[in-house]
Amino acid sequence: DYRQKAAAAGRIPTNYLRRELGSTDKEILTSRVIDRSIRPLFPAGYFYDTQILCNLLAVDGVNDPDILAINGASAALALSDIPWNGPIGAVRVGLVDGQTVINPTRKEMASSALNLVVAGATQNQVVMLEATAENILQQDFCHAIKVGVKQTQQIIQGIQQLVKERGVVKRTVQKLFIAPEEIVEMAKKLAYNKIYAVFTDSSHDKISRDEAINKIRLETEEQLKEKFPEAEPYEVMESFNVVSKDIFRNLVLNEYRRCDGRDLTSLRDIKCEVNMFQMLHGSALFQRGQTQVVLCTVTFDSLESSVKSDVISTAVSGIKDKNFMLHYEFPPYATNEIGKVTGMNRRELGHGALAERALKPVIPQDFPFTIRVTSEVLESNGSSSMASACGGSLALMDAGVPVSNAVAGVAIGLITKCSEGKGDIEDYRLLTDILGIEDYYGDMDFKMAGTNKGITALQVDLKLPGIPIKIVVEAIQQATAAKREILQIMNQTLAKPRPNRKESGPVVETIHVPLSKRLRFVGPGAYNLKKLQAQTGVTVSQLDEETYSVFAPTPGAMHEAREFIGEICKDDQEVNLEFGAIYTATITELRDSGVMVKLYPNMTPVLLHNSQLDQRKIKHPSALGLEVGQEIQVKYFGRDPTDGRMRLSRKILQSPASSTLKTLTDKNSIVLGGAVPQTSTSSQ
């Protein structure tokens with residue numbers, strides 16, 4: 001578990017209780033990266049509860065602390081007496097101006113085309129990879145991995161030196177939960193042929209195969225219990241698992257056969273559909289064998305709906321607001337099971353984040369809406385996160401988002417044969433587009449997504465304590481070939497984004513409101529804006545001093561908003577007045593402080609103060625014999641820059657100076673659509 005502390009960034013939490021509450025998305029995703037880096041190095045059969053807590057104590061705001069947390073967890077395990085085959089080292093690799101940068105600063109990462117986290121073990125072995133990239137070419141990506149793995153060796157050597165200085169001795173584990181050899185041999189005699197027959201029958205789908213294996217499991221376990229009455233339950237169950245795993249892996253290693261009949265590099269049958277429901281802004285169905293991500297939907301909303309980062313995440317990790325998000329849902333029925341449907345779990349968050357990283361590089365930066373993609377898995381048999389990337393790409397194009405390229409993803413698996421003594425890899429097979437069972441019995445889950453040009457996201461999880469870089473490079477090459485094949489199939493359904501968004505989609509327009517009219521448009525206490533949003537459902541946000549953005553969920557709502565705005569502003573249309581010109585004003589009201597005047601009939605009256613009525617000092621306008629309805633000549637001196645009030649003077653005209661009298665015409669001052677009011681015409 002990784003936890004960020006507000007005090008580490010010199011801040012106080014902004015929630016009601018002013019203290020750290022539940023884990024943020026950033027904390028959960030960082031926890032998963034740490035877990036995936038250290039988990040493969042625990043010894044087989046080690047099932048004792050082990051917890052690692054990474055608490056952030058101080059942060060400089062320059063470097064991202066997640067890499068430090070991985071290395072800290074590695075050092076803590078290495079220095080403890082817990083049995084663990086570490087240490088590991090981790091670095092972040094960036095690509096700035098075509099040059100690889102190790103552990104780039106936050107400022108450097110802002111201009112980096114690559115964000116690659118590499119966890120490596122001794123002898124230049126790869127343990128974990130996590131990457132986001134801006135369409136990086138395959139050769140550049142492989143080079144970055146090699147550089148990153150090389151740099152991890154220095155960290156590993158430093159931790160090893162520390163362990164040596166401390167004289168750490170690992171404890172002897174009381175019991176490893178592994179299957180006894182004699183029970184495994186008996187299970188092999190009893191069930192080998194039956195299991196082999198099921199795994200070589202390609203007519204089975206996921207459910208029927210699982211049911212057939214479970215039937216054999218129950219029969220075999222009953223026989224084993226009779227022959228070994230003193231055996232622990234887990235020893236019996238694990239013995240059957242060992243036999244099943246060996247048969248499955250040997251089929252791939254020795255016979256190049258997969259349980260569904262495909263060869264090692266073939267894809268499952270792929271079907272794509274778009275525009276599933278007309279009312280949705282965008283939708284797509286992507287089905288790959290029995291992995292069906294249905295209804296990747298796209299929803300547009302105002303920029304105000306973007307994900308707002310909290311001050312702590314911004315201070316610690318530099319996380320900013322984002323207007324593109326992908327949410328992944330994996331209900332229990334997707335795997336033919338029942339289960340309690342609760343909130344998002346760590347797995348769903350991680351899978352959604354991977355698919356989001358795969359699609360984000362192709363989203364235009366200046367898109368006027370916040371985009372939410374939802375990926376709901378209806379049926380799953382392996383690699384639903386990569387299917388989410390494929391379905392999400394189709395849904396975005398169906399919605400008319402001008403993505404730069406289509407994105408596809410695929411999962412690559414690994415089956416290895418290791419030497420008896422050292423555990424080095426003697427032989428291996430890479431599998432394209434793996435099934436759920438191939439992930440379960442295999443050694444690697446390698447997920448890669450990208451466009452026809454390059455790579456946008458990658459995630460590698462291992463069950464082995466490390467693999468050579470050579471295997472990683474081969475997996476990237478195999479995934480690249482599969483990715484291009486998937487993109488060809490997707491292009492047959494929808495090759496490029498639709499030129500226009502759907503008619504039922506949202507609309508954004510801008511309104512120009514002069515500073516002097518802002519109060520009338522907004523209303524006292526923002527009354528008019530609140531009423532506008534409540535009645536029409538639109539969202540109004542201020543872009544600058546005189547420009548507002550109006551977001552409407554439908555064209556009909558925008559039409560209602562136009563009528564509403566026209567209604568509140570219809571009696572307040574004005575012309576652009578010429579500075580220094582003389583106008584005829586009509587007195588509408590006498591006040592102690594001056595007179596209220598109008599320069600044209602539909603104008604809101606403005607105050608002409610006593611000090612500007614006459615050269616003489618007066619206390620009331622009646623002293624000059626002024627009356628309501630009387631017309632007087634005034635000179636216009638623009639508007640007050642602080643409050644926008646009109647500045648008029650009658651007093652100045654009493655000085656001997658020649659001026660021009662202006663006649664006004666009507667021009668709109670509040671303009672919907674972003675046009676700036678034009679200069680009025682005048683006549684002498």
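Helices (H or I, at least four residues) and strands (E, at least two) are, throughout this tour, DSSP runs numbered from the N terminus. The model is predicted, so that local features need pLDDT of at least 70 and side-chain atom pairs count only at pLDDT 80 or more, whereas totals for chains, interfaces and linings use all residues. Residues are numbered from 1 along each chain as its sequence is written, and side-chain values use heavy atoms, with hydrogens and water left out.

**Stop one: helix α10**

Select residues 384–398, which make up helix α10. The expected span of a helix is 1.5 Å times one less than its number of residues; for the 15 residues of α10 this gives 21 Å, and the end C-alpha atoms are 20 Å apart, which agrees. Buried means under 20% relative accessible area, exposed over 50%, and partly exposed in between, with a 1.4 Å probe and protein chains only. In α10, 15 of the 15 residues are buried, so the helix is largely enclosed by the rest of the structure. Move on to Gly-400, just after α10, and you will find a positive phi of about 85°.

**Stop two: helix α4**

Now select residues 138–166, helix α4, whose 29 residues should span 42 Å at 1.5 Å a residue and whose end C-alpha atoms are 43 Å apart, in agreement. The buried residues of α4 include Phe-141, Cys-142, Ala-144, Ile-145, Gly-148 and Val-149, and further along the helix Thr-152, Gln-153, Ile-156 and Ile-159 are also among them. As background to this list, an α-helix has 3.6 residues a turn, so residues three or four places apart point the same way. The residue that follows α4 is Gly-167, with a positive phi near 65°.

**Stop three: where α1 meets α9**

Two packed helices are described by the angle between their axes and the distance between the axes. Axes here are lines fitted to C-alpha atoms, for helices over the stretch in contact, and angles run from 0 to 180 degrees between N-to-C directions. Show helix α1 (residues 25–38) together with helix α9 (residues 346–359), and you will see axes that come within 10 Å and cross at roughly 90°. That makes α1 roughly perpendicular to α9, on a scale where angles under 35 degrees count as roughly parallel, over 145 as roughly antiparallel, 65 to 115 as roughly perpendicular and the rest as oblique. Contact means heavy atoms within 4.5 Å, and here α1 contributes Asp-25, Ile-28, Leu-29, Ser-31 and Arg-32, while α9 contributes Arg-346, Arg-347, Leu-349, Gly-350, His-351 and Ala-353.

**Stop four: strand β12 and its partners**

Select residues 408–418, strand β12, where nine of the eleven residues are buried, leaving the strand mostly covered. Two strands pair if DSSP finds at least two bridges between them. Strand β12 pairs in the antiparallel sense with strand β14 (residues 444–450) over seven bridges, and Ile-412 stands opposite Phe-446 in β14. Strand β13 (residues 425–432) is also an antiparallel partner of β12, over seven bridges, and there Ile-415 stands opposite Arg-429.

**Stop five: a five-stranded sheet**

Next, display the open sheet of five strands in the order β22-β21-β20-β23-β24, in which the pairing is antiparallel. Its edge strands are β22 (606–609) and β24 (646–649), each of which pairs on one side only, and the twist averages 55° from one strand to the next. Within this sheet, strand β20 (residues 582–590) and strand β21 (residues 594–598) run antiparallel and are joined by four bridges, and they form a hairpin with three residues between them. Label Ile-587 and its bridge partner Val-597 in β21, and then Thr-586, whose bridge partner in β21 is Lys-598. Strand β20 also pairs in the antiparallel sense with strand β23 (residues 631–639) over five bridges, and the bridge partner of Thr-584 in β23 is Gln-633.

**Last stop: Ile-247 and Glu-232**

Finish by selecting Ile-247 in helix α7 (residues 233–255), a buried residue with a relative accessible area of 3%. Leaving aside its neighbours within four places in sequence, Ile-247 is in contact with Tyr-192, Ile-195, Tyr-196 and Phe-199. Glu-232 lies in the loop between α6 (206–227) and α7, and is partly exposed, with a relative accessible area of 37%.
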